[in-house]
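The following report considers how the chains of a model are related and what lies between them, before turning to aromatic rings.

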There are 2 protein chains.
Amino acid sequence: MEDDRREAGTRRRVAPTKGDLRERAILDAAEQQLDSEGADGMTVATIAQAAGITRGALYFYFGSKNEVLAALVARTVATLRAEMDAADADGASAPGDALRQGVEQTARMWREHGTVMRTAVELSPTVPAIDQAWRSAVVALADTTRGIAERAGLPAGPGPHDAAAVAAALVWMTERALYQATVSGGSLDEAAATLLHVWLAALGIPAGAELGGAEG
Amino acid sequence: MEDDRREAGTRRRVAPTKGDLRERAILDAAEQQLDSEGADGMTVATIAQAAGITRGALYFYFGSKNEVLAALVARTVATLRAEMDAADADGASAPGDALRQGVEQTARMWREHGTVMRTAVELSPTVPAIDQAWRSAVVALADTTRGIAERAGLPAGPGPHDAAAVAAALVWMTERALYQATVSGGSLDEAAATLLHVWLAALGIPAGAELGGAEG
DNA sequence: GAGAAAAATCTGCACAGTGTCAAAAATACT
DNA sequence: AGTATTTTTGACACTGTGCAGATTTTTCTC
C-alpha cells in the first residue's frame with residue numbers, strides 16, 4: 001500500500017523533494033505564458049519546454065494541464081491571503097484602515113496577476129480543481145473580513161444581516177467587480193474606489209478619506 | 001468577394017438551403033448526447049455519426065464543436081423566449097399571473113433542457129459564441145420582465161430602483177438559483193417557489209396564492 | 001566510501017480528440 | 001450535356017493524456 005504516499009493524479013510522492021524547483025519552474029513558465037499567449041495558446045509542450053523538460057515529464061509533476069492552472073491559482077491566491085492576514089494583524093487595527101488596505105491589496109493582486117485571477121474565475125465552473133482553490137480563497141478572505149466587520153460592530157449571531165453574511169456578500173461582489181473591470185478593460189482604480197465606498201457603507205463606517213478621485 | 005455570403009467560421013452559405021435538415025439533425029444528436037454523455041463524452045465524431053455524416057462534414061455546418069453547443073443554446077433559448085412573449089401577451093395581463101407563468105415556464109425549461117441550460121451557464125465565460133447567445137436571452141427576458149414591472153407600478157425613469165434595473169437583477173438571480181438547483185440536485189420546484197416569492201416582493205405585488213408549499 | 005537497492009525523475013512513443021484543407025462526389029442550373 | 005455550386009470525404013497537423021520502461025538521484029549497507 002505505498003499508494004498512500006502518492007498524490008492523486010500523479011505518480012509523485014508528497015514528501016519534500018528537491019524537484020520542487022522544477023515545480024516552481026513549471027508554474028513560473030505557465031504564468032508567463034498565460035500572460036503572453038492566453039489560456040489556449042499556452043500548451044503543455046511550450047510550458048514543458050520553457051521549464052526545461054519534456055511533455056511527458058510534466059505529467060510527473062501535475063496530473064493535467066488544468067492541474068497546473070489550479071496550482072497556479074492556489075499559489076497566487078495564497079499570496080493574497082497572506083498579505084490580507086498580515087495587514088489585518090498589523091498596526092492597522094482600525095476597521096476602516098483594514099478595509100482600505102484589504103481592497104487596495106486585492107486590487108493590486110488583480111493588477112499584477114490579473115491573468116491568473118481572471119482565468120480562475122472563468123475556469124472555475126468547469127474545472128473542479130480550480131473551483132476548489134478559488135472558492136477556498138474567497139471563503140478565507142470572507143472570514144478575515146468577518147473579523148473586521150465584527151470589530152466594526154456588526155452582529156455576530158446567525159442571521160441574514162450578521163457579519164459573516166455581509167462579509168461573504170462583499171467579497172463575492174469584489175470578485176465580480178474586479179473581474180468585470182479586468183475583462184472589459186475598465187479602470188481597476190475606479191472599481192476599487194467604488195468597492196471601498198460600498199464596503200464602508202455596508203459596515204456602517206463613516207467615510208473619512210476614501211481613495212482618490214472624490215466627486216459629486 | 002463571395003465571402004460576403006459566407007458565415008463566419010464555416011464554409012457554408014447563409015442562403016437558404018435544404019441542408020438545414022442536417023443542421024437540425026446535428027443539433028438533435030448533440031442535445032441527446034449532451035444529456036447522456038455529458039459535454040466531454042460528447043465528441044464530434046459521435047455527433048456526426050448520429051447525424052449520419054462524417055466528422056469532416058460536420059465542420060461544413062459548424063465551425064467548431066463549441067459552435068454546435070452555441071447553436072444548441074440559441075435554439076433552446078429561442079423557445080423559452082417565444083413562450084415568455086406569448087404568455088405575456090396572452091390573457092394573463094395581471095402582473096402577478098404573468099410573473100407566475102414566467103417563473104414556471106423558466107423552471108420547466110430547466111427541467112426539460114437542464115443539460116443545455118447548465119452547459120450554457122458553465123461555458124459562457126470561456127466560449128464567446130455561447131456567452132453571446134445566453135446573454136442576449138437574458139437581456140430579452142429582462143426586457144419582457146421590465147414591461148411587467150412597469151405595469152406593476154415600478155418607476156420607468158433611469159435610476160438604481162427603476163423597472164429595468166430590478167428586472168435585470170431578478171432575471172440574473174433566477175439564472176443563478178436555477179443553475180445551482182440543477183447542479184446540486186436540489187428541487188427545481190422549491191427553487192421556483194422561492195423565486196416567485198422574491199419576484200412578487202420585489203415588484204410590490206401582494207402574495208396571493210403562490211406556488212404550493214406555503215409555510216410559516 | 002564502494003556498491004547495491006530503492007526511490008525519484010525523465011524519456012519516448014502510443015492513442016484519442018479537435019480542427020484544416022484540397023480534392024472528389026453529388027446536386028442544381030442553363 | 002456542360003457548368004457552377006453545394007456537400008462530403010479522407011488525410012494531415014496539432015494537442016492533451018497515459019504508460020512502459022530507461023535514467024538519474026538518494027538511501028542503505030558493509
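How many salt bridges does the rule find across the interface of chain B and chain A? In this predicted model, the rule finds zero salt bridges across that interface, and it likewise finds zero residue pairs in polar contact there, where both residues must be at pLDDT 80 or more. By class, the side of chain B that touches chain A consists of two nonpolar residues, one polar residue and one charged residue.

The contact draws four residues from chain B and four residues from chain A, and the area buried between the two chains is about 400 Å², with carbon and sulfur atoms giving 59% of it. Of the area that chain B buries against chain A, 77% is supplied by Glu122(B), Pro125(B) and Thr126(B), which is more than any other three residues supply.

As for the arrangement of the copies, chain B can be laid on chain A with an RMSD of 0.1 Å by a turn of 178° and a shift of 0.2 Å along the axis, and that is the relation of a two-fold axis. Because 100% of the interface residues of chain B are also interface residues in chain A, the copies meet through the same surface.

Over all chains, the structure holds four aromatic pairs, among them the two tabulated here.

| Aromatic pair | Centre to centre | Angle between planes | Class |
|---|---|---|---|
| Phe60(A) and Tyr61(A) | 5.2 Å | 85° | edge-to-face |
| Trp110(B) and Trp134(B) | 6.5 Å | 90° | edge-to-face |

Within the pair in chain A, Phe60(A) is partly exposed, with a relative accessible area of 34%, whereas Tyr61(A) counts as buried at 13% relative accessibility, because buried means under 20%.

How values were computed: Residues numbered from 1 in each chain as written. Chains lettered and ligands numbered in written order. Predicted model: local features only at pLDDT ≥ 70, side-chain atom pairs only at ≥ 80, totals over all residues. Heavy atoms only, no water. Least-squares fit on C-alpha atoms with pLDDT ≥ 70 in both. Contact = heavy atoms within 4.5 Å. Buried area = accessible area lost by both parts, 1.4 Å probe. Salt bridge = Lys/Arg side-chain N within 4 Å of Asp/Glu carboxyl O. Polar contact = N/O pair within 3.5 Å; in protein donor to acceptor, adjacent residues only side chain to side chain. Nonpolar A, V, L, I, M, F, W, Y, C, P; charged D, E, K, R; others polar. Phe/Tyr/Trp six-rings, centres within 6.5 Å; stacked < 30°, edge-to-face > 60°. Buried < 20%, exposed > 50% of the residue type's maximum accessible area, 1.4 Å probe, protein only.
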